[in-house]
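Biologist: Please take a close look at one part of this model for me. Keep it brisk, and explain each term as you go.

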Amino acid sequence: MGSSASKNSEDDDDGSNGGGGQLYVSLKMENSKVEGELTPHVYGSLSLIGSWDPSKALPMLRESASMSELSFVVPPDHETLDFKFLLKPKNRNTPCIVEEGENRLLIGGSLQGDARLALFRLEGDVIVEFRVFIKADRVSPFDLATSWRAYRENLQLSTVRGSPDVSINPDPKSVECPSESLELDLAHYEVPAPAPSANSSLVYAADNAENPRSLSASGTFLNDKTTNTAPNISEDSDDRVDGSPSAKEMTIIVPDSSNIYSASGEAESKSVGTLSPFQQKDGQKGLFVDRGVGSPRLVKSISASSFLVDTKLIKNSMPAAAGAVAAAAVADQMLGPKEDRHLAIVLVGLPARGKTFTAAKLTRYLRWLGHDTKHFNVGKYRRLKLGVNMSADFFRADNPEGVEARTEVAALAMEDMIAWMQEGGQVGIFDATNSTRVRRNMLMKMAEGKCKIIFLETLCNDERIIERNIRLKIQQSPDYSEETDFEAGVRDFRDRLANYERVYEPVEEGSYIKMIDMVSGNGGQIQVNNISGYLPGRIVFFLVNTHLTPRPILLTRHGESMDNVRGRIGGDSVISESGKLYAKKLASFVEKRLKSEKAASIWTSTLQRTNLTASSIVGFPKVQWRALDEINAGVCDGMTYEEVKKNMPEEYESRQKDKLRYRYPRGESYLDVIQRLEPVIVELERQRAPVVVISHQAVLRALYAYFADRPLKEIPQIEMPLHTIIEIQMGVSGVQEKRYKLMD
């Protein structure tokens, strides 16, 4: 006989009516005698399983030789589900065979009536029996964030993505490409890049650091007794461009166990993360926070006692990130933080050691992961307050006026950073030489009780790198913008450097990370002292893999696919004739652009349209990454957006409201894509040779946002046209971009 299972009633306190969990339904059918000409499907009252249209019925996946399975998420407002099984012949002209008997009814995860076999009447009145297994579990977003079991069972990858995570030199079928190739210079195909984000590190990274809060629109320091007008100050406001929601938007409230909210409080979240009011006892108001996997609703019913360990009302911000990032934040909320909520990374090192470059890169990385991060550069504060015409004498340790002025601007920058943290900021990068214990002690005193400080010291003994950095400094720094004699500028900077060297004291106190000769990427070492916690550990891992070696990274979508032509989402189709032509032109472009780069490599996803696009490129190793696969559209895979709008209007509307956090049913969100792309980013940072990445629109949007330092909220709207190459040049001067359009 068939069997069924559902979560028992005492577990249903987890949040019926959308109060704290979502229903995951697993349907299985077993029959070892049915031949492969008939494939089991499900359809019913819910749009995602066909809405009683047999042609749109959802196929069950073959779990074993005799067992077929389908699992899906039931939206909170559709927890009454009636459905039937049907068999679809492979011959599309043959009618579907619907199971005998009444509809099956599932209400709130409980199967109504007795479990029964699925009976199908074939030709000649032959009856075929299937054993049926129906299981419904209410799984909270918290469980999804912290339970690998729930993730594995309820968010299975499609069969298209069943290949290894990474494979080297795959051998895809060759594609017949037209003989046309590039005959003109590559510059002929160059097109303007879009306007850069305000945070893009295009020339001088320090210019993109935060502006002093104490600077008025007219360029004066309001808290200074002597008003100094800084020259050449932009009147742009200090907008929030990091893409992280403000502290007010990200409020989380864990209620006191004595004041549990009413279970009937309103909260709505489908596949997209939302903020919804709920009503507590005594009229107290709070917020549900649902960010998808890794970002649970933190308010649960009285039965969820593990959420009520702390009897005090906790009010902290949550990173707008996915997976392990947010899971760690949730664990801190529930169990008590193992590290300070606010983290200050304080740079230490002599000038021309790559501090500002490292600060800008780390800021970009943490923002991309969803951590609210800002870069505070003390040199920028000094220039805005005191001007740019400061000779080396100003930086002497025996110049009391200079010491006092430099200490003052450092204190201003630190005060601004702490104030920003107290308003909800998470990670502040404090960029200055901080070369003496006196200065570092001052900063630790200011941070006491407000944030945790980790010193990041950059040491370099390679004279060639130091010389290169000095000359770049003279070319790029506003300190020397008015110096017409380049060599005179070099001499002055060397004198400034000598002044710092005389009083320099290496870090030996507190928590610190020392990067010793790491900038070249040719060895070096990293020393860590008193570092613990999830985020500091992640920072160390990132720093281990960074260097300053200039090299290009080429990003491009696959050639036009047949699904592109049809306007269908996802899929694994081949490329069109236009796509084949692009594959040939891309091969010619790569050959010309990287002809002298023997160590370059080609990275693709595991889907055939990227491998077919790369098939004409010869002479370079090819690496397949499953992490580069297109965003998983779940049950919407293969549909057009018009079909989604017609058949799943609520999902369509949810996606329109918040494309960044929206997760396709049984699929992914952009935040999920960012989470799985982190190993790709780290590996791209580690590479010292050029890399060509051939991938998909959503994936390339996320990768491009990292390099261009685009806010998270902008990622779903980033333009990523077909048949266009985006060249990202990484080097000591930051990140620069060129675009080449090979075809219309």
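Modeller: What follows is a short tour of one sheet and the helices around it.

The model is predicted, so local features need pLDDT of at least 70 and side-chain atom pairs count only at pLDDT 80 or more, while totals for chains, interfaces and linings use all residues. Residues are numbered from 1 along each chain as its sequence is written, and side-chain values use heavy atoms, leaving out hydrogens and water.

Start with the sheet. It is open and holds 6 strands, in the order S20-S21-S19-S22-S23-S24, with mixed pairing. Helices (H or I, at least four residues) and strands (E, at least two) are DSSP runs, numbered from the N terminus. Two strands pair if DSSP finds at least two bridges between them. Strand S20 (373-377) and strand S24 (525-529) are the edges. Each has a single partner strand, so one side of each lacks a neighbour in the sheet. On average, neighbouring strands are turned by 15 degrees against each other, direction ignored. Such angles come from axes, which are lines fitted to C-alpha atoms (for helices, over the stretch in contact); angles run from 0 to 180 degrees between N-to-C directions.

Now zoom in on the S20 edge. S20 pairs with strand S21 (residues 427-431) in the parallel sense, over 5 bridges. One bridge links Phe 376 to Phe 430 in S21.

Helices pack here too. Helix H4 (residues 355-369) touches strand S19 (343-348), S20, S21, strand S22 (452-459) and S23. Contact means heavy atoms within 4.5 Å. The direction of H4 makes about 165 degrees with that of S20. Helix H5 (residues 378-386) lies across S20 and S21, at about 50 degrees to S20.

Stay with H4. Its 15 residues reach 21 Å from first C-alpha to last, close to the 21 Å expected at 1.5 Å a residue. The expected span is 1.5 Å times one less than the number of residues. In H4, 15 of the 15 residues are buried, so the rest of the structure largely encloses this helix. Buried means under 20% relative accessible area, exposed over 50%, and partly exposed in between (1.4 Å probe, protein chains only). After H4 comes Gly 370, with a positive phi near 105 degrees.

Finally, look at Glu 505. Glu 505 sits in the loop between helix H9 (486-503) and strand S23 (511-516). Glu 505 is partly exposed, with a relative accessible area of 24%. Leaving aside neighbours within four places in sequence, Glu 505 is in contact with Ser 435, Thr 436, Arg 437 and Arg 440.
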